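Please read the following report alongside the sequence and the predicted model shown here. It deals with charged pairs, then with a sheet and a helix.

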Amino acid sequence: MRTAYSVETVRAAERELMARLPEGALMQRAAAGLAAVCAGLLGRVYGSRTVLLVGPGDNGGDALYAGARLARRGAAVTAVPMDPERMHPGGLAALRAAGGRVEEAVPHRADLVLDGLLGIGGRGGLRPAAAALVERIPSGVPVVAVDLPSGVDADTGEVAGPAVTADVTVTFGAYKPGLLIDPGASRAGVVRLVDIGLELPSPQVEALQHADVAGLLPVPTASSDKYRRGVVGIVAGSAQYPGAAVLTVAGALRGGAGAVRYVGPAAEAVLARYPETLIGPGRVQAWVVGPGLGEGRAGEVADLLAGDVPVLVDADGLRGLDADVLRARTAPTLLTPHAGEAAALLGVSRESVEAGRLGAVRRLASRYGATVLLKGSTTLVASGGCAVRVNPTGSSWLATAGSGDVLSGLAGSLLAAGLSGADAGAVAAYLHGLAARLTGGPLLAHHLAEALPTAWRNAARP
């Protein structure tokens, strides 16, 4: 599992480690790892040209010490400071001793640029002096961010103004949430972690990997039958949106439960496509309600929420939810809004949700007392006081009609198979995103559902 930690947590771990090490040793560890990654990107270090954009703090010091290591291997290294009077003294001395130089302007030619302007403590976008340096980075030159792209909020991934877009980010000691969550994640490029020996507590954010998903996937035993494996009920679709019912059932049939029961007005369309489906009311281990439901059916949502089995609420089912009702439930509730639906539930703008996804999903989970899967460029799953899960799979081709219906069916089936709300949401998002990668694009939602068994098998073999 990939884990990420807040700035406060990382700083505390750094202080504890530095108290046991000789002065400057921790920075040297970071610089050595950074220089090694840069050397790998350059291929041939001798004769290469590296530019350091240097801020006034330890982030700039990391860049200077790494630059000194490259200079000792024959690279021409130029440091361009944001504030010449506030450069890290030790790093500057090391660079000059290795033959590096300091210039006021960014050179027109370079083979690699290191962004050492701001560290993980930076907030807001780049200030004018830093932004001016970034604007002068030669076009097409690879950019390596030191710990975090400058201008990205390390704790949230928010980008409040001008920011660096890196090709590679070399982060030290631990991943930071802003490297995993958009919009910051989109600016980080490939993230490389350098272990510097930090001892860290429980993470604030985590991302499942294949091995984690494999351990959570429901697997039938010799004594299993379709009812022991779980039955998921689907309340979806309408005369206007019968396809939503078909696609939700498609996702559910491939989600690990033993049977899928459909209740709604699109039974004919569902049976025509999936004759395996049970039709009509009956006992279930979880419900999915909302996709394509249309207006005027809030009573059906309320009836399901009054029951004692897990319920996944999506799309039209999210309208007018009563937080008090959800908080009073004893069975798990999983909400799966996109940014617009999340904004309506929170009473804020869609733009604010998209800009601050981590804060939004945490507020939703707290307000409604439910597990929340916030769909989008970075899908997040939040549940109570647990670490927020970031989905690492996916594709921009998922932005297509019906893909969310498939996801809801898949997650609902995992709920019926016995997974918790957080596990069902995270595993479903992972498989859904993996299926999208396997399908490529342009994709249709029913192609996505068809790729789920392959995604499942791939994840089951970590």
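Glutamate 103 is partly exposed in this predicted model, its relative accessible area being 33%, and its side chain meets that of arginine 101 in a salt bridge with an N to O distance of 3.8 Å. The pair is one part of a wider set, for the count of salt bridges comes to 17. Three of these pairs are set out below.

| Acidic residue | Basic residue | N to O distance |
|---|---|---|
| Glutamate 103 | Arginine 101 | 3.8 Å |
| Aspartate 147 | Lysine 176 | 2.9 Å |
| Glutamate 450 | Arginine 273 | 4.0 Å |

The side chains of aspartate 147 and lysine 176 form a salt bridge at 2.9 Å. Aspartate 147 is placed in the loop between β6 (143–146) and β7 (168–172), while lysine 176 belongs to the loop between β7 and α6 (177–180), so the pair ties together parts that are 29 residues apart in sequence. Are these two residues buried or exposed? Aspartate 147 has a relative accessible area of 7% and is therefore buried, and lysine 176, with a value of 0%, is buried as well.

Glutamate 450 forms a salt bridge with arginine 273, and the closest N and O atoms of the two are 4.0 Å apart. Because glutamate 450 lies in helix α18 and arginine 273 in helix α10 (residues 267–273), this pair ties together parts that are 177 residues apart in sequence. Glutamate 450 is partly exposed at 41% relative accessible area, and arginine 273 is partly exposed at 42%. Elsewhere, salt bridges with shared partners join Glu16, Arg20 and Glu199 into one network.

Helix α18 spans residues 445–460 and includes alanine 460, a residue that counts as partly exposed at 38% relative accessibility. Leaving aside residues up to four places away in sequence, alanine 460 touches Ala214 and Leu217. The C-alpha atoms of alanine 460 and glycine 215 are separated by 7.9 Å, although these residues are 245 apart along the chain.

The sheet is open and consists of seven strands with parallel pairing, in the order β4-β3-β2-β5-β6-β7-β8. At its edges stand β4 (101–102) and β8 (190–194), each with a single partner strand, so one side of each is left without a neighbour in the sheet. Within the sheet, strand β2 (residues 49–54) and strand β3 (residues 76–81) run parallel and are joined by six bridges, and arginine 49 stands opposite alanine 76 in β3.

Note on methods: Residues numbered from 1 in each chain as written. Predicted model: local features only at pLDDT ≥ 70, side-chain atom pairs only at ≥ 80, totals over all residues. Heavy atoms only, no water. Pairing = 2+ DSSP bridges. Helix = DSSP H or I, 4+ residues; strand = E, 2+ residues; numbered from the N terminus. Buried < 20%, exposed > 50% of the residue type's maximum accessible area, 1.4 Å probe, protein only. Contact = heavy atoms within 4.5 Å.
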